Amino acid sequence: MLFGGAAWTACMSSFNTAMQTVAPAWARGRVLSLFTLILLGGTAAGSAAWGAIATRLNIATALDLAAFGLVAGLVLNLRYRLIRLEDLSLTPWVHWPEPVVVVSPKPDEGPVLVTVEYRIDPNREQEFRHVMREMRRVRRRDGAFRWGLYSDTADPSRFVETFLVESWAEHLRQHTRITEADRIVEERAYAFHLEDVPPEATHLIAEPV
């Protein structure tokens with residue numbers, strides 16, 4: 001019981017530290033709340049499940065199954081990891097250019113439709129689509145609630161990325177949320193662009209009708 005309690009305390013401390021380390025600063029509060037919800041909810045659900053197993057079988061068998069699960073988890077951890085820290089840098093990237101506007105929108109105006117136009121080599125279309133799937137995760141994680149990639153039927157080299165953000169203020173927050181890891185994904189996507197200038201981005205704000 002003494003060693004079990006010490007291990008439990010050490011594991012909880014490690015989980016809390018890991019959670020706060022890997023979460024971006026702007027989302028740390030949300031991540032912490034979800035972590036706490038899952039931890040306490042999992043504890044409650046696990047208690048009920050193991051109680052049912054112990055009732056149907058017996059306490060000794062339930063403890064044996066739990067021990068087997070712990071050992072299996074340690075073995076699987078060698079092959080499957082939730083995150084590879086060496087491939088992830090959450091250092092903020094503060095050099096994303098600000099949107100060019102003639103008239104500054106109000107912060108609560110929206111939704112905002114952002115489009116990014118790419119010119120790529122049609123022979124590399126499949127590679128481009130694969131990288132853009134990673135870009136979709138970046139856009140959605142940073143605040144977009146809808147994302148899409150469209151090809152031009154009249155021009156096989158033209159692709160347009162679109163994503164919707166709740167408001168102008170939320171889109172400006174996206175510029176502060178991008179990390180070094182996100183920048184690497186963006187640079188991989190931009191590398192397919194054939195023109196000398198970066199892909200052109202436009203910002204459209206929904207009008208009440």
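Asp155 is partly exposed in this predicted model, because its relative accessibility is 21%, just inside a class that begins where buried, under 20%, ends. The side chain of Asp155 meets that of Arg119 in a salt bridge, with N and O 2.1 Å apart. Arg119 belongs to strand 1 and Asp155 to strand 3, so this bridge ties together parts that are 36 residues apart in sequence. Arg119 has a relative accessibility of 22%, so Arg119 counts as partly exposed too.

The charged pairs do not stop there. Asp152 forms a salt bridge with Arg158, and the closest N and O atoms are 3.1 Å apart. Asp152 has 23% relative accessibility and therefore counts as partly exposed. Arg158, with a relative accessible area of 26%, is partly exposed. Shared partners link these residues further: Glu117, Arg119, Asp152, Asp155 and Arg158 make one network of salt bridges. The count of salt bridges comes to 12.

Another of these bridges has a different setting. The side chains of Arg139 and Glu186 meet at 3.9 Å, N to O. Arg139 lies in helix 4 and Glu186 in helix 6 (residues 180–190), so the pair ties together parts that are 47 residues apart in sequence. Are these two residues buried or exposed? Arg139 is buried, and so is Glu186.

Now turn to the strands. Strand 1 pairs with strand 3 (residues 155–165) in the antiparallel sense, over eight bridges. Arg119 has Arg158 of strand 3 as its bridge partner. Arg158 is also the salt-bridge partner of Asp152. Strand 1 pairs with strand 4 (residues 200–205) as well, again in the antiparallel sense, here over six bridges. On that side, Glu117 stands opposite Glu200 in strand 4. Glu117 is also a member of the salt-bridge network. In a regular strand, side chains alternate between the two faces of the sheet.

Tyr118 leads to the aromatic residues. The whole structure holds four aromatic pairs. In one of them, the ring centres of Tyr118 and Phe128 are 5.3 Å apart and their planes stand at 65°, so the pair is edge-to-face; the cut-off for that class is over 60 degrees. Tyr118 sits in strand 1 (residues 112–119) and Phe128 in helix 4 (residues 125–141), so the pair ties together parts that are 10 residues apart in sequence. Tyr118 has 0% relative accessibility and so counts as buried. Phe128 also counts as buried, because its relative accessibility is 0%. Which residues form the aromatic cluster? Tyr118 and Phe128 join Phe159, Tyr190 and Phe192 in one cluster.

His193 comes next. His193 is placed in the loop between helix 6 and strand 4. With a relative accessible area of 10%, His193 is buried. A polar atom of the His193 side chain lies 3.2 Å from the backbone oxygen of Val197. Leaving aside neighbours within four places in sequence, His193 is in contact with Glu117, Tyr118, Arg119, Pro198 and Pro199. Three of those names have come up already. Glu117 and Arg119 belong to the salt-bridge network, while Tyr118 belongs to the aromatic cluster.

Step back to the whole protein. Its secondary structure comes to six helices and four strands. From the N terminus on, the elements run α-α-α-β-α-β-β-α-α-β. The radius of gyration is 24 Å, well over the 17 Å that the globule rule gives for 209 residues, so the protein is more spread out than a compact globule. The C-alpha atoms fill a box of roughly 70 × 40 × 35 Å along the principal axes. What share of the residues is buried? Buried residues make up 26% of the 209; Tyr118, Phe128 and His193 are among them. Contacts also reach along the chain. Among those between residues at least 6 apart in sequence, 71% join residues at least 24 apart. The salt bridge between Arg119 and Asp155 spans 36 residues, and the one between Arg139 and Glu186 spans 47.

Key
Residues are numbered from 1 along each chain as its sequence is written. This is a predicted model: local features need pLDDT of at least 70, side-chain atom pairs count only at pLDDT 80 or more; totals for chains, interfaces and linings use all residues. Side-chain values use heavy atoms; hydrogens and water are left out. Rings of Phe, Tyr and Trp (its six-membered ring) pair if their centres lie within 6.5 Å; planes under 30 degrees apart count as stacked, over 60 as edge-to-face and the rest as tilted. Helices (H or I, at least four residues) and strands (E, at least two) are DSSP runs, numbered from the N terminus. Buried means under 20% relative accessible area, exposed over 50%, partly exposed in between (1.4 Å probe, protein chains only). Two strands pair if DSSP finds at least two bridges between them. A salt bridge is a side-chain nitrogen of Lys or Arg within 4 Å of a carboxyl oxygen of Asp or Glu. A polar contact is a pair of N or O atoms within 3.5 Å; within protein, one must be able to donate a hydrogen and the other to accept it, and residues adjacent in sequence count only if both atoms are side-chain atoms. Contact means heavy atoms within 4.5 Å. The radius of gyration is taken over C-alpha atoms; the globule rule is 2.2 Å times the number of residues to the power 0.38.
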